[in-house]
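This report examines how the parts of one small set of structural elements are arranged. Please look at the sequence and the model before reading on.

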Amino acid sequence: MSVVRTPITGYSSLIREHWTAETEQELRSLYEQIERNYPKQGYGTMLVQVRPDATGLLWHAEFSRFTSCD
């Protein structure tokens with residue numbers, strides 16, 4: 001299974017998504033790929049609330065990418 005990305009909000013200055021995957025490693029791997037491939041200057045990127053669901057079968061996280069206030 002790959003990471004399923006569900007948009008929460010999407011503005012020009014803010015992107016928020018809910019991510020779901022079978023393993024925590026899949027979530028972290030996608031996050032690292034985004035970090036490498038997108039510009040860092042002028043943007044903030046974070047992956048928060050990384051946690052397994054109640055069944056222990058899937059992992060969830062929230063991803064945000066936003067224009068920084070610099």
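The following paragraphs treat confidence, the helix, its surroundings and a pair of strands.

The model is predicted. The protein chain has an average pLDDT of 89, and 96% of the residues score at least 70. Among the elements of the chain, strand 2 has the highest mean pLDDT (94), whereas strand 1 has the lowest (89).

Helix 1 comprises the 14 residues 24–37. At 1.5 Å a residue, this helix should span 20 Å, and its end C-alpha atoms do lie 20 Å apart, which agrees.

Which residues of helix 1 are buried? They are L27, L30, Y31 and I34. Viewed down the helix axis, the buried residues of helix 1 fall within an arc of 100 degrees, so they line one face of the helix. The face turned away from this buried side carries Q25, R36 and N37, which are exposed.

The buried residues of helix 1 are covered by parts of the chain that include four strands, listed in the table.

| Element covering helix 1 | Residues |
|---|---|
| Strand 1 | 4–10 |
| Strand 2 | 14–21 |
| Strand 3 | 43–52 |
| Strand 4 | 59–67 |

Two of these strands also pair with each other: strand 1 and strand 2 run in the antiparallel sense and are joined over 6 bridges. One bridge links G10 to its partner I15 in strand 2. Strand 1 and strand 2 form a hairpin, with 3 residues between them.

In general, the side chains of a regular strand alternate between the two faces of the sheet.

Key
Residues are numbered from 1 along each chain as its sequence is written. This is a predicted model: local features need pLDDT of at least 70, side-chain atom pairs count only at pLDDT 80 or more; totals for chains, interfaces and linings use all residues. Side-chain values use heavy atoms; hydrogens and water are left out. Helices (H or I, at least four residues) and strands (E, at least two) are DSSP runs, numbered from the N terminus. The expected span of a helix is 1.5 Å times one less than its number of residues. Buried means under 20% relative accessible area, exposed over 50%, partly exposed in between (1.4 Å probe, protein chains only). The arc is that of the directions from the helix axis to the C-beta atoms. Contact means heavy atoms within 4.5 Å. Two strands pair if DSSP finds at least two bridges between them. pLDDT is the predictor's confidence in each residue, from 0 to 100.
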